[in-house]
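Subject: Structure for your reading

Dear colleague,

Please find below the structure that I am handing over to you. I would be grateful if you could keep it open while you read the notes that follow.

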Amino acid sequence: MRTGTSTAAGLLLGFALDRVFGDPRRWHPVAGFGSAAGALERVTYADRRSAGVVHEVLLVGAVTVFGVGLRRGGVVAFALATWTVLGGRSLARAGREMADRLESGDLAGARALLPSLCGRDPEVLDADGLARAALESIAENTSDATVAPLVWGAVAGTPGLLGYRAINTLDAMVGYRDDRYLRFGWAAARVDDLANLLPARITGMLTAALAPVVGGHPADALRAWRRDASKHPSPNAGVVEASMAGALGVRLGGRTQYRYGTELRPTLGDGPAPRVADLRRAVRMSEAVQLGAVVTTALWSILRRR
């Protein structure tokens, strides 16, 4: 097989493995990386940006070098690495389970589930607040958990897959604005922003193109993106959340309660606040975008090497 065809085959096979099996139940490599990062943090931590830079370089560098070594494994190793870094099926499953619990009135169960989707404080949220938090998380993580790994896998092979997942995991661990991580987590947050610039915009374009899957209109998604995305504090989350809001015809944003404090987020989209039915539509939108992303990156991998 040519290199482009091999890359496409690995992406498609890894995506299929994620669709069938989801995240590995035991001995998940990403969980192992998180444990190693936590252990290293006890050594590297200091309330300085420079310490965070060292932490980022050591971990992302080590994982990327490991990915270079895995190139020798061919399509099989690439497919397994793709499966390892994808989280699309687990994201959709969590979204559906959240909708099930909200529909049944199980607020305690919904609050217990929310931390698996995002870092907001579930105890201060009612049913509508939980639905909005879950929907915004699904929008953002459609890019982070599926589109971005596929893009980086197509661009840089196994090192791209593993390097991106390390970057994104470190941002989730230390990229906060609280007292402990404001300076130490600065590098993790900025590198994650850079790594997601292209994938977030590909996600936005796919969301707009596929808006009819959930009864939406591409023009509405593009309008919300152009008008509202730049209001968001994140250069990437604003794109994917605004385009999702436009596709679904809902309004996202507003008061957002994290464990470290409260942020007043700008509103994205024109419609009413999302409800449980909209959460189910967001899951369908996410799955459509994920499928569109793997087809797009596989085709691009083949065509770029002709």
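A residue is called buried when its relative accessible area is under 20%, exposed when the area is over 50%, and partly exposed in between. By this rule, buried residues account for 54% of the 306 residues in the protein. Please bear in mind that this is a predicted model.

Overall build

The protein holds twelve helices and two strands. Read from the N terminus, its elements follow the order α-α-α-α-α-α-α-α-α-α-α-β-β-α. Along the principal axes, the C-alpha atoms occupy a box of roughly 50 × 45 × 35 Å. For a compact globule of 306 residues one would expect a radius of gyration near 19 Å, and the protein, with 19 Å, agrees with this. If one takes the contacts between residues at least 6 apart in sequence, 73% of them join residues at least 24 apart.

Helix 2 against helix 7

Two helix pairs deserve your attention, and helix 7 takes part in each. In one pair, helix 2 (residues 29-44) packs with helix 7 (residues 127-174) at an angle of about 55 degrees, the axes lying 10 Å apart. Why is helix 2 described as oblique to helix 7? Angles under 35 degrees count as roughly parallel and those from 65 to 115 as roughly perpendicular, while over 145 they are roughly antiparallel; the rest are oblique. The angle of about 55 degrees therefore makes helix 2 oblique to helix 7. Their crossing is right-handed. On the side of helix 2, the contact is made by Val30, Phe33, Gly34, Ala37, Gly38 and Glu41; on the side of helix 7, by Arg165, Ala166, Thr169, Leu170, Met173 and Val174. Sorted by class, this contact has seven nonpolar, three polar and two charged residues.

Val30 belongs to helix 2. Is Val30 buried, partly exposed or exposed? Its relative accessible area is 22%, so Val30 is partly exposed. Apart from neighbours within four places in sequence, Val30 touches Thr84 as well as Arg165 and Thr169. The C-alpha atoms of Val30 and Arg265 are separated by 30 Å, and the two residues are 235 residues apart along the chain.

Helix 7 against helix 11

The other pair joins helix 7 to helix 11 (residues 237-248), whose axes come within 9 Å and cross at roughly 120 degrees. That angle makes helix 7 oblique to helix 11. Here, too, the crossing is right-handed. Which residues meet in this pair? Helix 7 supplies Leu135, Glu136, Ala139, Glu140 and Ser143, and helix 11 supplies Ala237, Val240, Glu241, Met244 and Leu248. By class, the contact has six nonpolar, one polar and three charged residues.

Arg89 in helix 5

Arg89 is located in helix 5 (residues 88-103). With a relative accessibility of 29%, Arg89 counts as partly exposed. Once neighbours within four places in sequence are set aside, Arg89 is in contact with Asp18, Arg19, Val20, Phe21, Gly22 and Gln290. Between the C-alpha atoms of Arg89 and Leu17 there are 9.8 Å, although these residues lie 72 residues apart along the chain.

Yours sincerely,

A colleague

Note on methods: Residues are numbered from 1 along each chain as its sequence is written. This is a predicted model: local features need pLDDT of at least 70, side-chain atom pairs count only at pLDDT 80 or more; totals for chains, interfaces and linings use all residues. Side-chain values use heavy atoms; hydrogens and water are left out. Axes are lines fitted to C-alpha atoms, for helices over the stretch in contact, and angles run from 0 to 180 degrees between N-to-C directions. Helices (H or I, at least four residues) and strands (E, at least two) are DSSP runs, numbered from the N terminus. A crossing is left-handed if the near helix is turned anticlockwise from the far one by less than a right angle, and right-handed if clockwise. Contact means heavy atoms within 4.5 Å. Ala, Val, Leu, Ile, Met, Phe, Trp, Tyr, Cys and Pro count as nonpolar, Asp, Glu, Lys and Arg as charged, and the others, Gly among them, as polar. The radius of gyration is taken over C-alpha atoms; the globule rule is 2.2 Å times the number of residues to the power 0.38. Buried means under 20% relative accessible area, exposed over 50%, partly exposed in between (1.4 Å probe, protein chains only).
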